[in-house]
Structure formats: structure tokens, C-alpha cells
Amino acid sequence: MKTKKLSLLFFFILCSCLLYSNTTNTKKLDNNSEQLYGIDLCNAVFSKLQTEKLSPTTQSLFISGENTFPYNIILFSPAKNQTSFSDNTENNQNLVLQICMEDFFKAEETIINLAKFINTNNFSFNTYILLSYGDRQIITKENMIFGSNVFLSSLFNLESSVAVLLNFDAEENKITSYSNSEISPMWMIKFFYNAFFEQDISKNLQSFYISQFFKYSFLTPHKLLSTFMNNGIQSIQLDFNYEAINSGKTETILTDFIQNFSKNFLRLPVPLFSVF
């Protein structure tokens, strides 16, 4: 009888330990969603956006017939002269805000607030918040699929598009305005350079930027930036040490850019990259 009681007691203790362990792991996953990856990360981001009453759409990275692979998530806000993603017209300009899927839960508040800001305004251009999967690869090899490449292959009016690439997982705040031989437009460099100073996050910014009217073969390549530039899209990359700065500063920089983009930049012909 004593042996039976000891066995039951041991069984009870074992079950309690397993239950506690499972509960602890579940809470850890809930509170650290940035540790997710693959389709689990994509599904978690998609679900969160739906919870916030946004309207995310998915874009498969390749045709497989199975729902077990990662995908892009797009938040699309159409220009005031159209009503849907499929109603895109040849005359509309596009503003693309690209964010790696892995950064979503690091800057969740800023991304959601930015999406809601765009939705509540009636801009005269298409706006895409692209949460791309696969662009942040440590090791790359031939024939790999990158989310931004898939998105750009489906984008209308590449030559009338502007892209701001946002990295919320940087060690320092930085503006990257070149890749290989391509240079960002001067109006974009000037705007963000001044914005970083106004928000007092410009400590490590370089003080000299090369003119966009030349091509330089000695410039360092930045793979993701090159992906957009090589498609004829005027682009720039902003790196934020998001954990070290006030999220409101990041939001102010981006919302001011969008508002100024609609008020000023669309009225002027913006030169593409030139060779002299």
C-alpha cells in the first residue's frame, strides 16, 4: 500500500512538472513572438494585423499547392482615384515601405500606427507596406527566393515608384543612400538627413553624401537596396536602433515624409539616375 501511494505521488509530481513546463514555454512564445520564424512568423504577423482591423493580403513566394511555406504580407492603400489593389492604373505613382518580416514584432507599434495613419488619409498615390520574407538571409546561394523580388515582379509602374527600406534591428541610426553604382535621389537624402537631425537621432550620420548625378563603381553594394535600385525605383534605406530611441520619433519621421511626398514631391519631375 505504501509503495502504491508513493507511485501515485510521484506520478502527480511528474504531471505537475510537465504542465508547468508547457505553460512556461507557451507564455515565453507569446511574449517573445520575434523568436518565431518561417510560416509560423508569417501567420502570427497576419493574425496580429487582422486583430488591429487592418486588411493584410498575402503573396506566395512560389506555387507549391501547400500552405506550409512562408509568404509576403502586403498592406495596400490605394490612391484616391481607385478602390482596390487590382484597380491599379498606369498613371498612379507608388510609395513602397519595405520591412523585413523578422522586424515586425520588434517595431509592432510603429508599423501598426503607420498603417492606420495611411488608411485614414486620402493620398493621391498608392501606398504599400511590404512585410517581405526571406530578404534577411545570413547565407545566400543561387536560386534562392527573396520576398522583395517576388513583390517587385508584380508591381505596376516601377519607373514611377519610390521605396523606403526600413530596418528596425540596427545597431545605430543610419541612412544608406547608395549601392554599387546607384545613388538615392538628392531630395530623399536631404529630407531624411534633416529629419534625423530634427529628431535628435543623427549622432552617427555621415556628413557627406555623393551626388546622384554620377555613377561610382567603387561604392559598397547593399543587396536589398540594389534589388530596388536595379529595377529603376528611387530608393533609400533607413536603419534604426529601435530599442534605443523613442518610437514616436520614428513615426514622426515616416509620417512627415509621406505627407511631404503627397504635397510636394509628386508635383515635380524627379530625375532618375544619370550617367555623365
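The questions and answers below go through charged, polar and nonpolar features of this structure, which is a predicted model.

Q: Why is serine 132 called buried?
A: Serine 132, which is found in strand 4 (residues 126-132), has 0% relative accessibility. Buried means under 20% relative accessible area, so serine 132 counts as buried.

Q: What makes the pairing of serine 132 with glutamine 98 a polar contact?
A: The side chains of serine 132 and glutamine 98 come to 2.9 Å, and the cut-off for such a pair of N or O atoms is within 3.5 Å. The pair is therefore listed as a polar contact.

Q: Which side chains make polar contacts with the side chain of aspartate 135?
A: Aspartate 135 is found in the loop between strand 4 and helix 4, and a polar contact of 2.5 Å joins its side chain to that of serine 132. A polar contact of 2.7 Å joins the side chains of aspartate 135 and serine 148.

Q: How do you know that aspartate 135 has no salt bridge?
A: A salt bridge needs a side-chain nitrogen of Lys or Arg within 4 Å of a carboxyl oxygen of Asp or Glu. For aspartate 135, which is buried, the nearest side chain of opposite charge is lysine 223, at 6.2 Å, so the requirement of within 4 Å is not met and aspartate 135 has no salt bridge.

Q: What makes the pair of aspartate 103 and arginine 136 a salt bridge?
A: The side chains of aspartate 103 and arginine 136 meet at 2.5 Å, N to O, and the definition asks for within 4 Å, so the pair counts as a salt bridge. The pair links distant parts of the chain, 33 residues apart, with aspartate 103 in the loop between strand 3 (94-100) and helix 3, and arginine 136 in the loop between strand 4 and helix 4 (147-152).

Q: Why are the partners aspartate 103 and arginine 136 given separate labels, buried for one and partly exposed for the other?
A: Aspartate 103 has 0% relative accessibility and therefore counts as buried, whereas arginine 136 has 31% and therefore counts as partly exposed. The label buried requires under 20%, exposed requires over 50%, and partly exposed covers what lies in between.

Q: How do you know that glutamate 52 takes part in salt bridges with lysine 48 and lysine 116?
A: The side chains of lysine 48 and glutamate 52 meet at 3.3 Å, N to O, and the closest N and O atoms of lysine 116 and glutamate 52 are 2.9 Å apart. The limit is within 4 Å, so both pairs count as salt bridges. Lysine 116 lies in helix 3 (residues 108-119) and glutamate 52 in the loop between helix 2 (38-51) and strand 1 (57-60), so this pair ties together parts that are 64 residues apart in sequence.

Q: Why are lysine 48, glutamate 52 and lysine 116 called partly exposed?
A: The relative accessible area is 23% for lysine 48, 22% for glutamate 52 and 32% for lysine 116. Partly exposed lies between the limit for buried, under 20%, and the limit for exposed, over 50%, so each of these residues receives that label.

Q: How many salt bridges does a search of the whole structure find?
A: The search finds five salt bridges, among them the pair of aspartate 103 and arginine 136.

Q: Why is glutamate 243 called exposed, and where is it placed?
A: Glutamate 243 has 78% relative accessibility, and exposed means over 50%, so glutamate 243 counts as exposed. Its place is in the loop between strand 9 (234-239) and helix 7 (247-263), and together with Asp169, Glu171 and Glu172 it gathers in a patch of negative charge on the surface.

Q: What makes phenylalanine 69 eligible for a nonpolar surface patch?
A: Phenylalanine 69, found in the loop between strand 1 and strand 2 (71-77), counts as partly exposed at 36% relative accessibility. Patches are made of residues with over 30% relative accessible area and no salt bridge, so phenylalanine 69 passes the area cut-off. With Phe62 and Ile145, Phe69 makes a nonpolar surface patch of about 240 Å².

Technical notes:
Residues numbered from 1 in each chain as written. Predicted model: local features only at pLDDT ≥ 70, side-chain atom pairs only at ≥ 80, totals over all residues. Heavy atoms only, no water. Patch = residues over 30% accessible without salt bridge, like charges linked within 9 Å, V, L, I, M, F, W, Y side chains within 5 Å. Areas by Shrake-Rupley, 256 points an atom, 1.4 Å probe, with all protein chains shown as cover. Lys, Arg positive; Asp, Glu negative; His and termini not counted. Charge placed at Lys NZ, Arg CZ, Asp CG, Glu CD. Helix = DSSP H or I, 4+ residues; strand = E, 2+ residues; numbered from the N terminus. Buried < 20%, exposed > 50% of the residue type's maximum accessible area, 1.4 Å probe, protein only. Polar contact = N/O pair within 3.5 Å; in protein donor to acceptor, adjacent residues only side chain to side chain.
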